[in-house]
Every structure is written in C-alpha cells, then in structure tokens.
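Below are some notes on the model, set out as numbered points. Please read them with the structure open.

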Amino acid sequence: MCGIAGILTVNHYQDSLEKIIQRMQPALKHRGPDDAGIYVSPERKVAFAHTRLAILDLSSAGHQPMSTANGRYWITFNGEIYNFQKLRQDLISQGEQFNSQTDTEVILKLYQKYGSDCVNYLRGMFAFAIWDNWEQTCFLARDPLGIKPLYYWQSGTNLVFASELRAIIASGLPALNLSLEGLYGYLVSGSVPEPHTLINGINCLPAGHWLSWQADGITKKQYWQIKFEPQDISLLEAQEIARAALVDSIKHHFVSDVPVGIFLSGGIDSTAVLALAKQTQNQQLSTYSIAFEESQFNEGDIAQETAKLFDTKHTEYKITAASAKDLLLQFFTAIDQPSIDGFNTFCVSKVAHDSGIKVVLSGLGGDEVFGGYKSFQKVLQMLAWAKKLHTFPFVSTAIGTGLSQWSSSPQMKRLGDFLQQNPSTHSAYSSFRGIYSHQEASQIIQQYLGEKPSAKLSLPTAEIGNFPTPEDEVSFLELSCYMRNQLLRDSDVMSMNWGLELRVPFVDTGLLTAVAPIPSHIRLAVGKKLLTQAVAELPDAVVKRPKKGFSFPFEQWMSNEFGDYFNHINLPNNIPLKPWYRRWSIAIFQHWWERVSA
C-alpha cells in the first residue's frame with residue numbers, strides 16, 4: 001500500500017515540474033514510510049511521485065516509480081493485486097522476464113501486453129497511473145469496487161492526480177473553493193459522493209473506471225459494474241457457493257511478505273474473517289480490538305472470548321473519554337475529507353500500528369453483501385407506504401411539503417423530502433441514510449457559499465439499471481453509496497495515516513461474482529443467515545447477539561470531554577443538532593475547512 005501522485009501537462013507551469021511534485025510527495029509520506037521516489041520524463045510532460053509501504057518484495061527491486069527495461073512505460077501504483085503470482089507465471093510462460101517479485105511489475109507487463117484491458121485481469125484493490133514515453137499518453141485506473149481512492153484536477157489539457165485530496169491541494173495549482181455539489185452531498189448523506197469532492201474542480205475517478213490522458217484531451221470509461229442475476233440455486237447450494245467464495249477470498253487476502261493481522265469486534269463479519277483465516281492459515285493469528293468503559297458500547301469482552309476460542313494473539317486497547325480526546329487533534333489532521341465516521345478506524349488502526357503490524361483484514365462489506373443492515377427492511381417499508389400514499393399525489397406532496405418545512409424532527413424533515421418525489425428505492429434509501437434535509441442543507445450552503453442550490457440536487461451514484469428485486473437494489477446502493485463513499489474511504493485514509501494496509505475480504509470481485517447469482521431471498525435473508533450458515537465455525541455467542549455497529553459513545557463525549565471542539569457550531573438557529581451525528585458532521589467539516597483553507 002502506498003501513496004501516488006502525478007502531473008501531466010503540455011504547458012510549462014511557473015514552477016518547474018520538479019518543484020510541484022516535490023510539494024505533493026510529502027503530503028503522502030504517511031501512506032508510504034518505507035521508501036519514496038520521483039520520476040520526470042525527458043520531454044517534461046509528466047512527473048510521478050510515490051511513497052512506499054513495503055508489503056511484497058521488501059527489497060529495493062520494489063522501488064517506484066518503476067519502469068519496463070526499455071524505459072518506455074513508467075508506473076506509480078497504490079494497492080495490492082492478490083492474483084499477481086498466477087498472472088506472473090502466465091506471463092513467464094509466454095516469454096516475459098521479471099526483475100522483481102512485486103505485483104507492480106506484473107501490472108506493467110500486463111499493460112504492455114493488453115493495454116487498457118489489463119484491468120480485467122486484476123483481482124485486488126488498486127489505483128495506478130502508467131506513462132507511455134513513446135506514445136506520450138497516460139493511463140489511470142481505479143479498482144472495480146472503489147477500495148483505493150484516486151483524485152484528479154483538470155485544467156485544459158493539464159491533469160494533476162493523487163491518492164489523497166491533500167496532495168493535489170499541496171501542488172498549489174487548484175483554487176481552494178468549496179464545491180456546491182460536494183458540500184450538498186456531504187450534508188444530506190454524511191459523506192462526499194463520488195465523483196465529487198469538497199473542492200471545486202477536483203474530482204474522484206469513479207470505481208471501476210479508467211481514464212486515458214493525451215495532449216488533446218482525456219477519455220473515461222467504465223470497465224466493471226456490480227450485477228445481480230439470480231439463478232435457480234437452492235439454499236444448500238448457496239451455502240456451498242458462499243463458503244467456497246469466502247475461503248477463496250480469505251486465502252487471496254493473506255498474500256503478503258509481512259505478517260497479516262485481523263480487526264476483531266463482537267460482530268459476525270470480523271468473526272467470520274477470523275474463523276475462515278483459522279481454517280486457511282497455519283501460523284498463529286493476531287487480532288486487535290477496541291474496548292470502552294461505557295458498557296452499552298463495549299464489545300471487548302465478546303472479542304476477547306472469540307480471540308481465546310480461536311487461539312489468537314489478542315491485543316485490546318481500552319479507550320476512555322480522556323484518551324480519545326488526546327487522539328482527537330491527531331484525527332482532525334488525518335482527515336482528507338470529512339464524514340460522520342472514521343474515528344473508530346483511526347483508533348483501532350493505531351492499536352495495530354503500535355503493535356508493529358503493517359497489514360490487517362477487516363470485516364467491512366459483510367452487511368452490504370449479505371443483508372445485515374436495517375435498510376434492507378426499512379427502505380422497502382418506506383417505499384410500499386409511499387406508493388400507497390402516492391395514489392393521491394396532491395395529498396402526498398402536501399404532507400411532504402408540510403413535514404419538510406414545519407416539522408421540528410430531522411427524520412420527519414427528510415421523510416418530507418422523500419414524499420415530494422416519485423417513490424423509488426433510491427429516494428427511500430437516500431432518506432433513510434440521510435443527515436440533513438434539502439432545506440437544511442441549502443441554508444448551510446448559503447452560509448458558506450453565499451448561494452443556495454437552485455433545486456434539489458440528486459445524489460450521484462453508479463448507473464442504476466433494472467434489478468431482479470428491490471432487495472438487490474438496496475444491496476447495490478449500500479455497496480456503491482454508503483460503503484464506497486464513507487466506509488471504504490475512511491478506512492483507507494485512517495489506516496494509511498498510521499502506515500497500515502487495511503484489506504477487506506468481503507469487498508472482493510471474486511466473492512461478489514460468485515454470490516451475485518444467489519437469489520436475494522437467500523443471499524439477503526434477515527440476520528445474515530446465509531453468512532452464518534456458510535461459516536459454521538461462528539460461535540453462538542456471536543451469532544445470537546443483537547446487531548450492533550462498531551460505534552463510539554460520541555454523544556456522551558461531545559456533551560462532556562469533547563465539548564471544546566464541538567460546542568462552537570456555526571449554523572442557523574432553526575437547524576437542530578440532534579441526533580449527535582448532525583453536530584459531529586458540521587464540527588468535523590468546520591475543523592477540516594479551517595485547516596485546508598488556512
């Protein structure tokens with residue numbers, strides 16, 4: 001896992017390419033503390049930077065930016081390719097020669113052989129750029145599920161890209177103006193929806209897309225999308241398919257030349273990762289968890305019991321309000337873009353880092369793939385109710401308008417927004433996952449930008465087609481919205497802040513492709529029954545526990561120990577700050593914007 005950055009240009013900047021790229025590289029040092037490199041092409045059309053966290057082939061042969069032997073292709077790459085060894089052997093059988101044991105060199109050889117189709121061979125998480133010195137073109141790509149970020153700023157034919165927003169800002173090239181679309185998306189959903197960012201003009205390359213740069217412009221193309229196409233599969237067959245796919249994913253995610261640990265909570269997903277890891281790995285496993293003094297949030301006891309059951313080397317860190325406050329300022333600095341989450345991953349990543357580990361597995365993605373969220377029931381209930389009400393459209397619109405304008409309840413205001421639209425799974429989902437209503441978001445935006453959105457902005461998501469069932473559409477939305485824009489982005493930034501590579505076996509194209517044909521009434525059965533049946537090793541104490549998210553006692557802390565950082569909220573008086581995550585989202589945004597714009 002690494003940090004990447006680059007500049008592509010046909011013009012000459014006031015500062016040299018070397019100066020600009022040297023401003024960008026330090027902003028990514030935390031992502032790759034083991035090594036760093038810069039490449040500037042002879043024609044001075046491209047500059048690449050790289051900071052390396054050495055996971056595969058720890059020798060100097062893994063140095064980046066890396067080139068082919070003839071110097072034609074240069075790559076800067078962030079991520080891990082889990083099937084690189086098979087790809088490498090296939091290429092060797094076709095006459096290719098390698099100078100390293102890295103997955104980076106495999107990508108180079110694949111691009112040399114297949115061009116843009118190289119992405120179709122890669123299984124893993126990745127963001128990379130490849131420069132062709134002969135054709136004077138650059139190819140950038142991001143993994144199918146958006147595990148690794150890739151941001152870019154374009155001005156005419158000039159393009160600047162990086163693993164994090166902060167590195168593009170450090171170039172000094174973009175103007176630091178807030179994006180209306182990005183800020184609106186953040187306020188109504190709790191995270192910035194791709195392809196937007198909070199900075200006007202800087203975009204995120206969408207998941208499953210590649211981008212080709214040449215002197216006369218850029219081309220973008222989607223190469224992968226989630227598809228649910230149910231087949232006639234029995235429950236027993238589904239269990240066997242899910243089990244085999246999960247074991248296969250876990251095996252691939254342990255490919256590493258350094259030890260791999262596991263984040264362990266009291267939940268089904270992380271315990272399933274551990275149980276299958278125990279089946280596939282020979283060495284003793286290391287697990288890491290967070291505990292709290294507040295009993296209603298504490299999962300430390302069940303995590304310890306699980307670790308003992310599977311005989312792991314377990315490390316627990318008990319977080320108190322005082323110790324959390326000590327970490328808060330470091331967390332503010334680590335934020336690349338704010339969200340209503342992230343502090344939990346920041347803290348548990350510190351635990352793993354302080355224990356000397358460089359790679360961890362997480363249970364992130366299990367709820368989205370196997371139906372673990374309340375959204376799978378609540379969204380469909382909302383949709384059915386709204387469709388009945390819309391048989392009298394004037395009534396529905398009147399109720400919606402009244403709720404959005406006059407209700408004092410944040411949930412009722414968002415419900416009002418929903419009732420004023422044509423009922424759809426997407427609109428019900430957006431209301432269910434929402435933070436601020438349209439009217440509230442517009443007021444806040446006017447305060448920061450001096451203008452309101454001219455109309456309700458639709459939140460971007462991957463292109464939505466026809467789904468076999470509404471449940472499949474909810475699964476798609478959870479994977480492509482909440483998971484991608486918030487959970488994966490926070491996991492990447494907060495783990496990489498500590499020089500830690502976080503891997504997500506549930507977020508795997510091989511796994512998704514295998515389970516996608518399973519009918520939704522089996523794959524998404526309440527309580528994640530398919531997952532618990534496929535992983536028979538799960539202890540009853542974990543399976544039968546009521547579902548709890550991996551959450552912190554933020555509301556209590558913000559009212560007390562965290563008060564200094566969360567009491568000075570600059571909002572119109574008529575916008576309530578409860579539930580707690582509304583106050584958190586505005587405070588985190590204010591701290592981020594003050595730091596970025598200083």
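1. Strands β8 (residues 151-155) and β9 (residues 158-162) of this predicted model are paired in the antiparallel sense, with five bridges between them. One residue pair can be checked directly: glutamine 154 has leucine 159, in β9, as its bridge partner.

2. Which sheet do these strands belong to? Both β8 and β9 are part of an open sheet of six strands, ordered β2-β3-β1-β9-β8-β10, and the pairing is antiparallel. The edges are formed by β2 (35-40) and β10 (202-204), each of which pairs on one side only. From one strand to the next, the twist averages 15°. Strands of a sheet pair through backbone hydrogen bonds, either parallel or antiparallel.

3. A helix packs on this sheet. Helix α1 (residues 17-24) lies across β1 (2-8), β2, β3 (46-52) and β9. Relative to β1, helix α1 runs at about 155°.

4. How many salt bridges are there? The count comes to 25 salt bridges. Some of these join into a network, which links Arg31, Lys148, Glu164, Arg166, Asp336 and Asp492.

5. A local case is the salt bridge between the side chains of lysine 86 and aspartate 90, with an N to O distance of 3.1 Å. Both residues sit in helix α2 (residues 84-93), four residues apart, or about one turn of the helix. Are the two partners buried or exposed? Aspartate 90 has a relative accessible area of 30%, so the residue is classed as partly exposed. Lysine 86 counts as exposed because its relative accessibility is 57%, the cut-off for that class being over 50%.

6. Arginine 123 and aspartate 508 form a salt bridge in which the closest N and O atoms are 2.7 Å apart. Arginine 123 is in the loop between α3 (103-114) and β6 (124-132), and aspartate 508 is in the loop between β17 (501-503) and α18 (509-515). The two residues belong to parts that are 385 residues apart in sequence, so their salt bridge ties those parts together. Both arginine 123 and aspartate 508 are buried, that is, under 20% relative accessible area.

7. A further salt bridge joins arginine 243 to glutamate 537, again with the closest N and O atoms 2.7 Å apart. Here arginine 243 lies in helix α6 (residues 235-253), while glutamate 537 lies in the loop between α20 (529-534) and α21 (540-543). This pair therefore ties together parts that are 294 residues apart in sequence. Arginine 243 is partly exposed, at a relative accessible area of 24%, and glutamate 537 is also partly exposed, at 23%.

8. On internal space, a search of the whole structure gives seven cavities of 30 Å³ or more. The largest cavity holds about 140 Å³ of space. Its lining consists of 15 residues, and those nearest the centre are Cys2, Arg52, Leu56, Asp103 and Thr104.

9. Which elements give two or more residues to the lining of the largest cavity? They are β5 (73-81) and α3. Strand β5 provides the largest share of that lining, with three residues.

Notes. Residues are numbered from 1 along each chain as its sequence is written. This is a predicted model: local features need pLDDT of at least 70, side-chain atom pairs count only at pLDDT 80 or more; totals for chains, interfaces and linings use all residues. Side-chain values use heavy atoms; hydrogens and water are left out. A salt bridge is a side-chain nitrogen of Lys or Arg within 4 Å of a carboxyl oxygen of Asp or Glu. Buried means under 20% relative accessible area, exposed over 50%, partly exposed in between (1.4 Å probe, protein chains only). Two strands pair if DSSP finds at least two bridges between them. Axes are lines fitted to C-alpha atoms, for helices over the stretch in contact, and angles run from 0 to 180 degrees between N-to-C directions. Contact means heavy atoms within 4.5 Å. On a 1 Å grid over the protein atoms alone, a cavity is a set of points where a 1.4 Å probe fits but cannot get out, and a pocket is an open set with protein on both sides within 12 Å along at least five of seven lines; lining residues have an atom within 4 Å of a point. Grid points are joined across faces, edges and corners, and a volume is the space filled by probe spheres set on the points.
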